[in-house]
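Biologist: I should be grateful for a close look at one part of this model, the strands and their pairing, followed by an account of the surrounding features. Please set it out as one connected description.

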Amino acid sequence: MIRYILTLTLFSTLSFSMDLTSLLQSVQNDSKKEMQAEKQRLQTFIDNKEKQKELLNQTEEELKKEELRTDKLKKLIEEKEKVLTKKEEELKIKAANLGEIFGSVRQTSSDFLINFQSSLTASEDSNKEEQFLKLSNSKKLANIQELKEFWHSMLDEIIKSGNIAQYDADVILASGEKTKEKVTRVGLFAATSNGKYLTYSNDMKSLVELTVQPSGSAVQLAKDFESSNEISNIIIDPTRGTLFEMIANNPTIMDRITQGGIVGYIILILGALGLLFALFKMIVLNISSIKIKKQMKNISEINQDNSLGKIAHIFYKNSNDSINDLEIKIGQAILKETTQIKKGQSFVKLLAAVTPLLGLLGTVTGMIATFQAITLFGTGDPKLMAGGISTALITTVLGLVTAIPLLFAYTYISSKSEELVSILEEQSIGLLAKTLK
Amino acid sequence: MIDLYIDDLFSFFDKGGLVLYFVFFLAIILWTLLIERYVYVSFTYKKEKKAIIKELEDIPSQTKFKDEIKRYFLHSSSFKLKSGLDLIKTMIMVCPLIGLLGTVTGMIEVFDVMAITGSSDVKSMANGVSMATIPTMAGMAVALSGILFEKKLELSIRYKIQKFELELSKVI
């Protein structure tokens, strides 16, 4: 067995060694080929070397040339840049001036527009507003034509503000109607049509009649002014409409009375009551006075519808009595008539005394309201205080206004009744005695 | 020259406002009444007195109602002398009241200005202040001038009545 194995091993070793030799041979062959190729490449490289050198030289020359050109160009750029900055500076200076001009044009035109919008002259030519509006809103620079137009229209406006003009314009009446009317404009200060004062409203692009006109004489003046060609008086508003607006703010008599509050109403009611009563009393006294005077003229014909007649009746009836009895009887009759005449007189006097007191009451309550306003809001705003103060003052006014006529009425009533009483008291006996003798 | 004074007067009335016209009106009436009274007391009354005394001389002095008749004449003449005096007194009383009215309306003007402008600018309030002070002053002046002559008138009337009473006693 071992023999076999040995024989096999020997055999296999032999075959292996055979294989290796062939491998070696092929490797050697390959390397020989490579060496040959290498040699060839080297040869070509050596061959090319000369060529490369030539190429390098050529390239270097080119580089030099280009560098020269670069320098030249750089210099040129520098030069040009200098010129450019110079030019730019020039441009900047010129543009700066212009920019300022356009800024101020925009500013001026927007300022002017605000004035123009509230001005009475706007009613004459509404196209002008667009012009100012365009200039003040535009982002572009205005051209010379627009600039010229702008200052021309400014000049025109200045001229118009100093003259008087008549023209047709849209007018909104107090009733709300919109019509075309002949308008007379006095500078920037007043515009009238048919004696009515107007104000310009930019929202409605037309003239508006003032809801509260100046006093009647002013309206008449305006009417005369419109119709006459000569120099005449007219009322103008130097504040361009502010004063005319204030007229509307002025409280009317009704506003005043409501300001007076409850105390004011009480005073007015008492005053009206007192005056009515006084009037009634005056009429009654006058009627009886007329009757008594008539009786005095004709004492023999006794008419019992008056006080003197009644007394005379008693006198004649008892004329045969002793003088003492007669005096007592007549005295009784006179007393009866006197109370009749003097009745109600003190009521008028009371009211005349009470109304100023009530006015004082209103003053004090108004002052209380004022001081309450001061404690709540401080003294900073005079408007808050003014409300209470006007209540205080109005009640005083109302008190005085009712007391003064009441005082006159009382004087009249008291002097009239004094006259009648004196006729009855002192004169009746004398008068009758004279007739008897 | 006169124009200047008239202008001054008008501006005075403008400053004083509506109430000043009332005071002016009242002053005119007051002085008309006062002058009328003076004229009556010093001229017309004498004539009337003479007529009464002449009439009395016709009455027999021993009548039943001697005192009554005397009193009748005395009273009627005193009544005539005093008529209108009450109105004068009332007017003198009312003048300061109207002045006060002017003060109050002027103050209302001042506070209106304050309420509208919302400021306490003294210049804008000056108009109201002059409206407040001028009528007050005018009312006082009228009342004072009136009261002086009214008192004098009253005294002279009282004196005249007493004198007349004495004269009557002599006649009857």
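Modeller: Ser193(A) has Lys196(A) of S4(A) as its bridge partner. This is a predicted model, and the pair offers a convenient point of entry. Strand S3 of chain A covers residues 190-193 and strand S4 of chain A covers residues 196-201; three bridges join the two, which run antiparallel. They form a hairpin with two residues between the strands, and Asn194(A), in the turn, has a positive phi of about 55 degrees.

S4(A) also pairs with strand S5 of chain A, residues 206-209, in the antiparallel sense, over four bridges. Within that pairing, Tyr200(A) stands opposite Leu207(A) of S5(A). S4(A) and S5(A) again make a hairpin, here with four residues between them, and Lys205(A) in its turn has a positive phi of about 55 degrees.

Strand S1 of chain A, residues 164-172, and strand S2 of chain A, residues 178-186, run antiparallel and are joined by nine bridges. There, Val171(A) faces Thr179(A) in S2(A). Strands of a sheet pair through backbone hydrogen bonds, in either a parallel or an antiparallel sense. In chain A, five strands close into a barrel in the order S1-S2-S3-S4-S5, with mixed pairing. From one strand to the next, the twist averages 50 degrees.

Helix H10 of chain A belongs to the wider setting. Its 33 residues, 345-377, should span 48 Å at 1.5 Å a residue, and the end C-alpha atoms lie 49 Å apart, which agrees. Buried residues of H10(A) include Gln345(A), Leu351(A), Thr355(A) and Leu358(A), as well as the glycines Gly359(A), Gly362(A) and Gly366(A). Just after H10(A), Gly378(A) takes a positive phi of about 80 degrees.

The open spaces may be taken next. The largest pocket holds about 1,400 Å³ of space. It is lined by 33 residues, and those closest to its centre are Asn250(A), Pro251(A), Arg256(A), Glu109(B) and Met131(B). Helices H5 (242-249), H6 (253-259) and H11 (382-436) of chain A, together with helices H2 (18-58), H4 (85-117) and H5 (122-171) of chain B, are the elements that give two or more residues to this lining. H4(B) provides the largest share, eight residues. By class, the lining of the largest pocket comprises 23 nonpolar, seven polar and three charged residues.

The second largest pocket contains about 610 Å³ of space. Of the 22 residues lining it, Ser415(A), Glu418(A), Phe79(B), Lys82(B) and Asp86(B) lie nearest its centre. H11 of chain A, helix H3 (66-82) of chain B and H4 of chain B each supply at least two residues of that lining, with H11(A) giving the largest share, eleven residues. The classes here are five nonpolar, eight polar and nine charged residues.

Enclosed space remains to be described. The structure holds three cavities of 30 Å³ or more, and the largest of them has a volume of about 40 Å³. Its lining consists of Phe102(A), Val105(A), Arg106(A), Leu135(A), Ser138(A), Lys140(A) and Ala142(A). Helix H1 of chain A, residues 2-117, gives the most to this lining, with three residues. Four of the lining residues are nonpolar, one is polar and two are charged.

Terms used. Residues numbered from 1 in each chain as written. Chains lettered and ligands numbered in written order. Predicted model: local features only at pLDDT ≥ 70, side-chain atom pairs only at ≥ 80, totals over all residues. Heavy atoms only, no water. 1 Å grid on protein atoms, 1.4 Å probe; cavity = no way out; pocket = protein on both sides within 12 Å on 5 of 7 lines; lining within 4 Å. Points joined across faces, edges and corners; volume = space filled by probe spheres on them. Nonpolar A, V, L, I, M, F, W, Y, C, P; charged D, E, K, R; others polar. Pairing = 2+ DSSP bridges. Axes fitted to C-alpha atoms, helices over the stretch in contact; angles between N-to-C directions. Expected span 1.5 Å × (residues − 1). Buried < 20%, exposed > 50% of the residue type's maximum accessible area, 1.4 Å probe, protein only.
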